[in-house]
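Ready to get to know a new structure by working through it? Here are a few exercises, each with a solution that goes step by step.

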Amino acid sequence: MRANNTRSIMNAYRRNYQPSPASFLKRLTGYLAATLVVYAYGKPTAALILMASLIALDLLLTFAFSRGQGQ
């Protein structure tokens, strides 16, 4: 069941994914908001790790989706 949920989430993300710079800036704004919430709770190290993880995951998904669209 979890595999189906993961596939559904990935398929929805892939359908809505836009490789434009404007779309990346929108996602980055969301990442910054999440990071600021963690930072506001007094966890600056966790906020930094969260931001790095979100950007790395975004780059990984961007690379994976760009390879899939070229086929």
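**Exercise 1. Work out what share of the chain is buried, and how its surface is made up.**

Of the chain's 71 residues, 14% count as buried, meaning under 20% relative accessible area, while exposed is over 50% and partly exposed is in between (1.4 Å probe, protein chains only). Next, take the accessible surface: about 5,700 Å², with 67% of that belonging to carbon and sulfur atoms. Those areas come from the Shrake-Rupley method with a 1.4 Å probe, and for residues only the protein chains shown count as cover.

Before going on, a word on the ground rules. This is a predicted model, where local features need pLDDT of at least 70, side-chain atom pairs count only at pLDDT 80 or more, and totals for chains, interfaces and linings use all residues. Residues are numbered from 1 along each chain as its sequence is written, and side-chain values use heavy atoms, with hydrogens and water left out.

**Exercise 2. Find out how confident the predictor is.**

Start with the score itself: pLDDT is the predictor's confidence in each residue, from 0 to 100. The chain averages 84, and 90% of the residues score at least 70. Now go element by element: helix α1 (residues 2–16) has the lowest mean pLDDT, 77, and α2 has the highest, 91.

**Exercise 3. Describe the overall build of the chain.**

Count the elements to begin with: there are 3 helices and 0 strands. Helices (H or I, at least four residues) and strands (E, at least two) are DSSP runs, numbered from the N terminus. The radius of gyration is 14 Å, well over the 11 Å that the globule rule gives for 71 residues, so the chain is more spread out than a compact globule. That radius is taken over C-alpha atoms, and the rule is 2.2 Å times the number of residues to the power 0.38. To finish, the C-alpha atoms fill a box of roughly 45 × 35 × 15 Å along the principal axes.

**Exercise 4. Check the length of helix α2, then sort its two sides.**

With 20 residues (21–40) at 1.5 Å a residue, α2 should span 28 Å, and its end C-alpha atoms are 28 Å apart, which agrees. The expected span is 1.5 Å times one less than the number of residues.

Now for the sides: Ser23, Arg27, Tyr31 and Thr35 are buried in α2. Looking down the axis of α2, the buried residues fall within an arc of 110°, so they line one face of the helix. The arc is that of the directions from the helix axis to the C-beta atoms. Why does such a pattern arise? An α-helix has 3.6 residues a turn, so residues three or four places apart point the same way.

On the other side of α2, the exposed residues include Pro21, Leu25 and Lys26. Lys26 counts as exposed because its relative accessibility is 65%.

**Exercise 5. Place Asp58 and list what it touches.**

Asp58 is found in helix α3 (residues 44–69). At 2% relative accessibility, Asp58 counts as buried. Leaving aside neighbours within four places in sequence, Asp58 is in contact (heavy atoms within 4.5 Å) with Tyr13, Phe24, Arg27 and Tyr31.
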